[in-house]
Amino acid sequence: MSDCNPEAGLPDGFVSRVERLLPASRLEGWRRSLRAPPAAAFRVNTLKASEEEAVAELGREGITCQALEWPPGAWVSPPAERPALVDSAAALEGRVYLQNPSSMVPVLVLDPRPGEEVLDLAAAPGGKTVQLAGRMANRGRIAAVESVKGRFHRLRRNLERCGVTIAETYLADGGGVGRKVPERFDRVLLDAPCTAEGRFRAGDPASFRYWGPKKIRDMARKQKQLAISAVRALKPGGVLVYCTCTLAPEENEAVVDGLLERFGDSLVVESLDLPEPWTAPALQEWEGRGFHPAVERCARLAPDETREAFFVARLRKRESTEGAG
């Protein structure tokens, strides 16, 4: 693959979509992300070690660690050192957790507090669940739901390895949780299953093998069901963070727009105070469909060679929810 044509080999129609939905100023970062190897990024699991202790331990193993300017708590090592990082004792024993920096942002936006009851509605493989427990200092309760059996068992292994003691795991369809336990949770995280366009690599056909318009439509339907369940499970006054690692507006802005249409004034989209160098504005329309004006308060995390594309929305359920769907 030539560096001057990083889009070579990508699915038909994908590049033209991205060129229409990303601002021109963000396209070069996206092109760099296509040819970059997966970032050797991690955060320290504060349930098991302090940042100083974990970084020093990695340094003794010859692994170079550099703190990123944003998001807070994100570290990177050179891509060539990724195998050593994966096999390090700190990673294998749960003191550090390999995770893309963009993937760390939703939990920071949710801002869970010790003692709260939190729902992680599509929890596997567990990186965000571990991050939730760390922010909560292992005090409170996390209900971690996953519908796919293999991923569910991986979730449980990761939580045990990382010292999470406040999570109860459920092998269940997240779309039914809101009806089973309505208005129970202080905060809900929905990192929705998606087409994962933010993880496409031009030299890795497996990363985009199943992509296409039908896949986008199928994922959007599933995301809508999960998002409705998330709102129903949320206490009045509680906070929901909806996020994906895809660029598709059908899976991002359109899902939030659909929630506002369904639940009306009982939901408020809250503004996000995220630094501009790493973010792009949410869309106000796509392919002739205009979105609710409040959707502009959502954020797209701009992709580059270190950070995957992500979409993040923070919604609050009003104290009075009479008449909500």
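**A friendly note on this predicted model**

1. Let us begin inside the protein. The second largest cavity is lined by Trp30, Ser33, Leu34, Glu197, Gly198, Phe200, Leu247, Pro303 and Ala309. This lining divides into 6 nonpolar residues, 2 polar residues and 1 charged residue. The space in this second largest cavity comes to about 30 Å³. Please keep in mind as you read that the model is predicted.

2. How many cavities of 30 Å³ or more does a search of the whole structure find? There are 2 of them. The largest cavity has a volume of about 50 Å³. Its lining has 13 residues, and those closest to its centre are Ser33, Arg201, Asp304, Arg307 and Glu308. By type, the lining of the largest cavity holds 4 nonpolar, 4 polar and 5 charged residues. If you are looking at the structure as you read, Ser33 is a handy place to begin: Ser33 is among the residues closest to the centre of the largest cavity, and Ser33 also lines the second largest cavity.

3. Next, have a look at the contact of helix 1 with helix 2. Helix 1 covers residues 14-21 and helix 2 covers residues 24-35. Their axes lie 9 Å apart, and the two helices pack at an angle of about 145 degrees. From helix 1, the residues Phe14, Val15, Val18 and Glu19 take part, and they meet Leu27, Trp30 and Arg31 of helix 2. This contact is made up of 5 nonpolar and 2 charged residues, with no polar ones. You have already met one of these residues: Trp30 is in the lining of the second largest cavity.

4. Is helix 6 largely enclosed or largely open? Helix 6 runs over residues 101-110, and 9 of these 10 residues are buried, so the helix is largely enclosed by the rest of the structure. The buried ones are Pro101, Ser102, Ser103, Met104, Val105, Pro106, Val107, Val109 and Leu110. Both ends of this helix deserve a look as well. At its start, a side-chain oxygen of Asn100 comes to within 3.0 Å of the backbone nitrogen of Ser102. Just after the helix, Asp111 has a positive phi of about 55 degrees.

5. Helix 7, residues 127-135, is mostly covered, with 7 of its 9 residues buried. These are Gly127, Lys128, Thr129, Val130, Gln131, Leu132 and Ala133. After helix 7 comes Ala137, with a positive phi near 55 degrees. Ala137 has this positive value although it is not a glycine. It sits in the loop between helix 7 and strand 6 (141-146). With a relative accessibility of 38%, Ala137 counts as partly exposed.

6. Glu183 is another residue with a positive phi, near 50 degrees, and it too is a residue other than glycine. You will find Glu183 in the loop between helix 9 (177-180) and strand 8 (185-191). Its relative accessible area is 35%, so Glu183 is partly exposed.

7. Which peptide bonds are worth checking for a cis form? One is the bond that joins Trp70 and Pro71, where omega is about 0 degrees. Pro71 belongs to the loop between strand 2 (66-67) and strand 3 (75-77). Another cis bond runs from Ala124 to Pro125, with omega near 5 degrees. Pro125 has its place in the loop between strand 5 (117-120) and helix 7.

8. Ala89 is part of helix 5, residues 89-92. With a relative accessible area of 27%, Ala89 is partly exposed. Which residues does Ala89 touch, leaving aside those up to four places away in sequence? They are Glu57, Glu61 and Arg95. Ala89 and Val231 are 142 residues apart along the chain, and their C-alpha atoms are separated by 40 Å.

9. Finally, is Thr165 buried or exposed? Its relative accessibility is 63%, and the cut-off for exposed is over 50%, so Thr165 counts as exposed. Thr165 lies in the loop between helix 8 (149-161) and strand 7 (167-171). Thr165 and Asn45 are 120 residues apart along the chain, with 13 Å between their C-alpha atoms.

Notes: Residues are numbered from 1 along each chain as its sequence is written. This is a predicted model: local features need pLDDT of at least 70, side-chain atom pairs count only at pLDDT 80 or more; totals for chains, interfaces and linings use all residues. Side-chain values use heavy atoms; hydrogens and water are left out. Buried means under 20% relative accessible area, exposed over 50%, partly exposed in between (1.4 Å probe, protein chains only). Helices (H or I, at least four residues) and strands (E, at least two) are DSSP runs, numbered from the N terminus. A polar contact is a pair of N or O atoms within 3.5 Å; within protein, one must be able to donate a hydrogen and the other to accept it, and residues adjacent in sequence count only if both atoms are side-chain atoms. On a 1 Å grid over the protein atoms alone, a cavity is a set of points where a 1.4 Å probe fits but cannot get out, and a pocket is an open set with protein on both sides within 12 Å along at least five of seven lines; lining residues have an atom within 4 Å of a point. Grid points are joined across faces, edges and corners, and a volume is the space filled by probe spheres set on the points. Ala, Val, Leu, Ile, Met, Phe, Trp, Tyr, Cys and Pro count as nonpolar, Asp, Glu, Lys and Arg as charged, and the others, Gly among them, as polar. Axes are lines fitted to C-alpha atoms, for helices over the stretch in contact, and angles run from 0 to 180 degrees between N-to-C directions. Contact means heavy atoms within 4.5 Å.
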